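Grab the coordinates and work through these exercises with the viewer open. Each one has a task, then a solution in steps.

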Amino acid sequence: MSYADVNGISLYYEEHGSGQPLVLLHGGYGSGEMCAAIVPALASGRRVITVDLQGHGRTADVDRPLRFQTMGDDIAAFIRHLGLGPGAQADVMGYSLGAGAALRTAIQHPDLVRRLVIVSHPVRHDGWFPESLAGFDQMGPAFADAMKQSPLYEIYSRVAPRVQDWPVLVDKMGTMLRQDYDWSAEVEKITAPVMLVYGDADSVRPAHIADFYALLGGGLRDANWDGSARSVARLAILPGHTHYDIFFSPDLTSAVIPFLDAASLEPPAPMGQ
């Protein structure tokens, strides 16, 4: 348990296991505690580092808006803070809010990310279902009070350095999540292999998931009988899962670990060559 002072913010983080580093980012209103269900399986073969994002968990808020781009810069600075050595890279995996931060990290700082896992987040604002977008519109003072009955607030109230900042966090989250964005053209900046993971009843539209996968080179053609024409990107749709339970399921780690552990994700050469 420690803090990393980067970009004018003091990020709280915890480490588990050893080996190839994996920076693991929680969802909105959460903290590293949100990762507890999946950390043991992930840490059995790697160094897992959970980070509390700006204004979340044990990381105190600072006087700046909450933005995916800023959080991406924070995580890049955090990876450099780890002192992995020249040319060393970390894997980055995020869920929902954390997936947006992970995606921006890989776009803005591609040299720092070895492999990227995006769990339940779109590449465009309109990738969310209308019901989810309507929910973002409700994130204001009344929502902050209502959320005080939730397990997320119960954890926040125990660990946050300034519990009175809860309404500020809710307001900043609402402001950020209501902003339109389309990062499609920037996906080409990512140099790391990418895995997308969604539930079959997620908050992200299936048509958008297919669009996102296509931007990564996936699902554009038949892979050939020998797999030689397949994409480096990976896509997992986990049956029986929603946006709200996917990050706590062993199905998630079962899908992700082979992607992280594979010696190579490049398709095989065509047979006979």
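**Exercise 1.** Which residues of H2 are buried? Check the helix length too.

*Solution.* This is a predicted model, so let's work from its coordinates.
- Step 1: take under 20% relative accessible area as the cut-off for buried.
- Step 2: list what passes in H2, namely Phe68, Met71, Gly72, Asp74, Ile75, Ala76, Ala77, Phe78 and Ile79.
- Step 3: for the length, remember that the expected span is 1.5 Å times one less than the number of residues. H2 runs over residues 68-81, so its 14 residues should cover 20 Å, and the end C-alpha atoms are indeed 20 Å apart.
- Step 4: look just past the helix, where Gly83 has a positive phi of about 65 degrees.

**Exercise 2.** Where does His241 sit, and is His241 buried or exposed? Then find its side-chain partners.

*Solution.*
- Step 1: locate His241 in strand E8, residues 234-242.
- Step 2: its relative accessibility is 9%, so His241 goes down as buried.
- Step 3: look for polar contacts of the side chain. One goes to the side chain of Asp245 at 3.1 Å, and another, at 3.2 Å, to the side chain of Ser249.
- Step 4: widen the search to contacts, skipping residues up to four places away in sequence. The hits are Gly199, Asp200, Ala201, Asp202, Ile246, Ser249 and Asp251.

**Exercise 3.** What caps the N-terminal end of H9, and what do the buried residues of H9 pack against?

*Solution.*
- Step 1: start with the cap. Ser249 does the job, with a side-chain oxygen 3.0 Å from the backbone nitrogen of Asp251. The Ser249 side chain is also the one in polar contact with the side chain of His241.
- Step 2: check the length of H9 (residues 250-261). Its 12 residues reach 16 Å from first C-alpha to last, close to the 16 Å expected.
- Step 3: pick out the buried residues: Leu252, Thr253, Ala255, Val256, Ile257, Phe259 and Leu260.
- Step 4: see what they pack against. You should get strands E3, E5, E6, E7 and E8, plus helix H1.

**Exercise 4.** Which residues lie nearest the centre of the largest pocket, and which helix gives the most to its lining?

*Solution.*
- Step 1: the largest pocket has a volume of about 580 Å³.
- Step 2: its lining counts 26 residues, and Tyr29, Ser96, Met139, His243 and Tyr244 lie nearest the centre.
- Step 3: sort the lining by class, which gives 16 nonpolar, eight polar and two charged residues.
- Step 4: helices H4 (130-137) and H7 (166-177) each supply at least two lining residues. H4 gives the most, with four.
- Step 5: now check backbone angles. Most residues other than glycine have a negative phi. Tyr29, in the loop between E3 and H1, has a positive phi of about 70 degrees. Ser96, in the loop between E5 and H3, also has a positive value, near 55 degrees.
- Step 6: finish with accessibility. Tyr29 is at 6%, so Tyr29 is buried; Ser96, with 11%, is buried as well.

**Exercise 5.** How many cavities of 30 Å³ or more are there, and what lines the largest cavity?

*Solution.*
- Step 1: the count is one.
- Step 2: the volume of the largest cavity is about 80 Å³.
- Step 3: its lining includes Gly55, Thr59, Asp61, Tyr156, Arg162 and Asp165.
- Step 4: by class, the lining splits into six nonpolar, three polar and three charged residues.

How values were computed: Residues are numbered from 1 along each chain as its sequence is written. Side-chain values use heavy atoms; hydrogens and water are left out. Buried means under 20% relative accessible area, exposed over 50%, partly exposed in between (1.4 Å probe, protein chains only). A polar contact is a pair of N or O atoms within 3.5 Å; within protein, one must be able to donate a hydrogen and the other to accept it, and residues adjacent in sequence count only if both atoms are side-chain atoms. Contact means heavy atoms within 4.5 Å. On a 1 Å grid over the protein atoms alone, a cavity is a set of points where a 1.4 Å probe fits but cannot get out, and a pocket is an open set with protein on both sides within 12 Å along at least five of seven lines; lining residues have an atom within 4 Å of a point. Grid points are joined across faces, edges and corners, and a volume is the space filled by probe spheres set on the points. Ala, Val, Leu, Ile, Met, Phe, Trp, Tyr, Cys and Pro count as nonpolar, Asp, Glu, Lys and Arg as charged, and the others, Gly among them, as polar.
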